[in-house]
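Subject: A structure for you to look at

Dear colleague,

I am handing over the structure below, and I would be glad if you kept it open while you read the notes that follow it.

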Amino acid sequence: VPPSADGAALRMPESTTILGAAKVTGKTNGGLSVGVLQSITQEERASISSPFGTSEPVVVPFASYTVARVQKDWDKGNTMLGAMATGTHRFGDDAVLAFLPRRAWTGGLDFTRFLADRAFQLEARAILSRVEGERSAILELQRSPVHYFQREGASHLGVDPEATSLSGHSGFVRASSSQSRRFRVSDQFHWYSPGLDLNDVGYLRQADLKANDLFLSWSQPEPKGPFRAYGIELSRDDEWDFGGLHTRASTSVEASGTLRSKWRAAGELSYEQVVDTRALRGGPALRWHDYFEGSLALESDPSRRTSFVAEAGHAWTTDDDSWSAEASVRLNLRPSNRLLLAAETSFERLSDDLQYVTTAAAAGGARYVLAHIDQDTWNLTLRVNLALTPDLTLQYYGSPFIGTGRYGAFKRATDTLATRPEDRYHLYGPDEIALGEGGRYVVSEEGGGRYSFANPDFSFREFRSNLVLRWEYRPGSSVYAVWSQGRTDEVAAWDSSFRSNWDDLWRTTPDNVFLVKISHWFSP
């Protein structure tokens, strides 16, 4: 967001315009598959109006994005070797955009081999990435939630303010048996180095991770007794950072069965131990709750014109009073072969004693403030698929979402890796914290530290919808007419009433987007 003076009106572009794009895909008779996608996006400007005039600063530079993929298979598809590369180049030297990387590349190789008449499978993948830019861009990338190079207590990390590039690597090795076997086993080890970054073309949630996933299962795929099929699965997942800190240990067991009537039931129980390196937003790793989580699911015969899926889950901790519970129901209706209606509703309630609030600056260093949160989340989804003719279809998707949260029992993090929860924080006493004017909490520590932070209570409402009319005017060629509507509203206050939040959602001014897309297939 460009800087603007007080009282100025700022208008930002809602999207980036694609000036042109090209895609080439195909496969030769010899088993060589090729795919290339290239797109060019135009420079975008904001509009700032004030009594002193109007300016239009650049907020998105002219850019090029490339994705290329090639794969070759041999031995009737039992051996496959592939490669993929991506490239991003942002043009221009505007100082306001120095926080954006100028160039980013990724490259990778993947290998798959089927053994013993496809009874077993071996897979491997390796990826390299490199991002280049101004020092300010690479500094921001190092401190971003993907990397958190500034994390306290992580001796293997460190911020380099002079760096103009960031490089990393990742990969995985997996050995598994065929999914068609009654007994299955799979073991996978994968990693993302601290400097890995794929987010210019792609998605990476977290770097600095090593993980091993072990999976065992046994199934009865053929009808036996009252069952059409049933099975049991056992899994064990472990994660570490590159400094050797064990950040996750998860053990779970799941059983499922399908009756001859095609009704299906499933249940899962897991035990999780988590050390969260992201919870304090760049602060030290926080030992989170050790907790159990259980879930049940029931599904009716999906081949019927009316069917449903009902699910419920509950998680409870072993070291404090935190817990969560959720339930959802999905209903599918097919009044005719041309019309499909699907509706889903879900509700979740969370009570968490270690919710991050903010990082406050104070004498002696940063204070990582935590709190207890009571949070409710409602989500509704409606889908309609209507075939007006074999070549003309109408699709609708609409999803209102409401989330509310109330905070209390504020505390500051202390010995974040302590075994006992009460040793991980200091709970503010009534003489240390007070809600002051302007809705801000003011903390006065016994040692003289004084800081404040905004009341984090919230009520969030959102609605997303799409209406798509598709006409296939010739085989492989289609015209799409799309109407999208979005509504978003958030207030810094807790409102527990669903009805009140629902009414406020529909009073929010909507954003509407209309577009037409034509896809034409050229064939000899």
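Before anything else, a word that you will need: a residue counts as buried when its relative accessible area is under 20%. Please also keep in mind that this is a predicted model.

With that cut-off in hand, we can begin with a residue that has two ring partners. F410 and Y441 are both buried, and their ring centres are 4.6 Å apart with the planes at 50°, so the pair is tilted. F410 belongs to strand β23 (residues 392–413) whereas Y441 belongs to strand β26 (residues 440–444), so this pair ties together parts of the chain that are 31 residues apart in sequence. The ring of F410 also pairs with that of F453, where the centres are 5.4 Å apart and the planes stand at 55°, so this pair is tilted as well. Here too distant parts of the chain are linked, since F453 sits in strand β27 (residues 450–454), 43 residues apart from F410 in β23, and F453, like F410, is buried.

These pairs belong to a wider set, for the structure holds 19 aromatic pairs. Ring pairs also link F347, W378, F463, F498, W502 and W506 into a cluster. In two further places a charged side chain is found over a ring: R118 lies over the face of F114, at 4.0 Å from the ring centre, and the charged end of K210 sits over the ring of F242, 4.7 Å from its centre.

The strands β26 and β27 can be followed further, because they take part in an open sheet of three strands, in the order β25-β26-β27 and with antiparallel pairing. The edges are formed by β25 (433–435) and β27, each of which has a single partner strand, so one side of each is left without a neighbour in the sheet. From one strand to the next the twist averages 20°. Between β25 and β26, which run antiparallel, there are three bridges, and I433 stands opposite V443 in β26.

Another group of strands deserves a careful look. Strand β20 (residues 323–336) pairs with strand β21 (residues 339–362) in the antiparallel sense over twelve bridges, with V329 having T345 in β21 as its bridge partner, and a hairpin joins β20 to β21 through two residues. The strand β21 pairs in turn with strand β22 (residues 365–389), again in the antiparallel sense, over 21 bridges, and the bridge partner of D352 in β22 is I373. The hairpin of β21 and β22 has two residues between the strands, and in it G364 takes a positive phi near 95°.

What does the side chain of D200 make a polar contact with? The partner is the side chain of R90, at 2.8 Å. D200 lies in the loop between β13 (183–192) and β14 (209–220), and it is buried, with a relative accessible area of 17%. Leaving aside residues up to four places away in sequence, D200 touches Y65, T88, R90, A104 and V131.

Finally, for the chain as a whole, there are two helices and 30 strands, and of its 524 residues 36% count as buried. The C-alpha atoms fill a box of roughly 75 × 65 × 50 Å, taken along the principal axes. Among contacts with a separation of 6 or more, residues 24 or more positions apart account for 55%.

With best wishes

Terms used. Residues are numbered from 1 along each chain as its sequence is written. This is a predicted model: local features need pLDDT of at least 70, side-chain atom pairs count only at pLDDT 80 or more; totals for chains, interfaces and linings use all residues. Side-chain values use heavy atoms; hydrogens and water are left out. Rings of Phe, Tyr and Trp (its six-membered ring) pair if their centres lie within 6.5 Å; planes under 30 degrees apart count as stacked, over 60 as edge-to-face and the rest as tilted. Helices (H or I, at least four residues) and strands (E, at least two) are DSSP runs, numbered from the N terminus. Buried means under 20% relative accessible area, exposed over 50%, partly exposed in between (1.4 Å probe, protein chains only). A charge sits over a ring if NZ of Lys or CZ of Arg is within 6 Å of the ring centre and within 35 degrees of the ring normal. Axes are lines fitted to C-alpha atoms, for helices over the stretch in contact, and angles run from 0 to 180 degrees between N-to-C directions. A polar contact is a pair of N or O atoms within 3.5 Å; within protein, one must be able to donate a hydrogen and the other to accept it, and residues adjacent in sequence count only if both atoms are side-chain atoms. Contact means heavy atoms within 4.5 Å.
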